[in-house]
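Student: I'm new to this one, so could you take me through a single part up close? I'd like to hear about the pairs of charged side chains and where they sit.

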Amino acid sequence: MGVTRTPLIAGNWKMNEDHLQAIALVQKLAWTLKDANHDFADAEVAVFPPFTDLRSVQTLVSADKLEIAYGGQDISANDSGAYTGEISGAFLAKLDCSYVIIGHSERRQYHNESDELIGRKVLAAVRHGLVPVLCVGETAEDLEKFGASAVPVSQVKAALADFPKDAPLVVAYEPVWAIGSGKAATAEQAGEVATVLRATLTEILGAEAADKVRILYGGSVKKANIAGFMKQKDVDGALVGGASLDVDEFAGIAQFGKHVTV
Ligand code: PGA
């Protein structure tokens, strides 16, 4: 204990916004945060646009010296070669990405990504100096059968079996039933699972490394409910889908410290 973890507010755009729209969105986000006197030491802000937008985002961020970080929504487990349609971590690193989302439930569900593949993707991210944002979470069915934390715990264990202890890591707890449903977990539910996940990380990585991992909550996060999540001792930020496309909403989430009530 005793490590200070800088909160991370991450916007997962999913398959929304072309590269021109991405420029406008990031620009507006930067202005809105500036107007609000956002201090990036209070909360780091990152966006995850589609791959085809990343070069434009990089150009804007570097030209305007923005403090907004960015990353890809997925990564290939392989570094190069005959893997049609895949994106290497080397390419993401070359675009100055800091992060990459891995194992989002939509990839697990629609692309049949297994825990084993997700583990290899996590290692690919580490090889290229990218911070993995490893997503875990239970479906409504899992919740009923096993409770909230069993599936996320087993997903974390599987994905991090060979993880180097000293590499930076973000874990996003996203109950599948809460994603895009408008029905977020309660702050207490999210906080309880985050605490169990930190205990799991302690088992796998040791206490010192586990203490440094930022655990995000994701699933219908809004300006109106972020403060409650941020009050939980093991919740260090949010992975935001729908609300990340609305600049006022997303900037409001990043400014969670200003919301006094939940
Ligand atoms: P949501 O999505 O905020 O729209 O629920 C979260 C996510 O899928 O990362």
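Tutor: Sure, let's start with one pair: the side chains of Glu44 and Arg214 come together in a salt bridge, with N and O 2.9 Å apart. This pair ties distant parts of the chain together, since Glu44 belongs to strand β2 and Arg214 to strand β7 (residues 214-218), 170 residues apart. Keep in mind that we're looking at a predicted model. Arg214 counts as buried because its relative accessibility is 13%, and buried means under 20%.

Where do those two strands belong? Both are part of a closed barrel of eight strands, which runs β1-β2-β3-β4-β5-β6-β7-β8 with parallel pairing. From one strand to the next, the twist averages 25°. In general, strands of a sheet pair through backbone hydrogen bonds, either parallel or antiparallel. Take the strand that holds Glu44: β2 (residues 44-48) runs parallel to β3 (residues 69-72), and two bridges join them. If you want a spot to look for, find Val47, whose bridge partner in β3 is Tyr70.

Back to the charges. The structure holds 16 salt bridges, and another one to look at is between the side chains of Lys14 and Glu106, at 2.8 Å from N to O. Here too the pair links distant parts of the chain: Lys14 is in the loop between β1 (8-12) and α1 (19-35), while Glu106 is in helix α4 (residues 105-110), 92 residues apart. Are these two buried or exposed? Lys14 counts as partly exposed because its relative accessibility is 22%, and Glu106 is partly exposed as well, at 25%.

Now try Lys121 and Glu113, which form a salt bridge with their closest N and O atoms 2.7 Å apart. Both Lys121 and Glu113 are buried. Some charged residues go beyond a simple pair: Arg5, Arg198, Asp211, Lys233, Asp234 and Asp236 are joined into one network by salt bridges that share partners.

Finally, here's a charged residue without a partner. Asp142, in helix α6 (residues 140-146), is buried yet has no salt bridge. What is the nearest side chain of opposite charge? That's Lys145, 6.0 Å away. A salt bridge needs the nitrogen within 4 Å of a carboxyl oxygen, so Lys145 doesn't make one with Asp142. Setting aside neighbours within four places in sequence, Asp142 is in contact with Gly147 and Val151.

How values were computed:
Residues numbered from 1 in each chain as written. Predicted model: local features only at pLDDT ≥ 70, side-chain atom pairs only at ≥ 80, totals over all residues. Heavy atoms only, no water. Pairing = 2+ DSSP bridges. Helix = DSSP H or I, 4+ residues; strand = E, 2+ residues; numbered from the N terminus. Axes fitted to C-alpha atoms, helices over the stretch in contact; angles between N-to-C directions. Buried < 20%, exposed > 50% of the residue type's maximum accessible area, 1.4 Å probe, protein only. Lys, Arg positive; Asp, Glu negative; His and termini not counted. Contact = heavy atoms within 4.5 Å.
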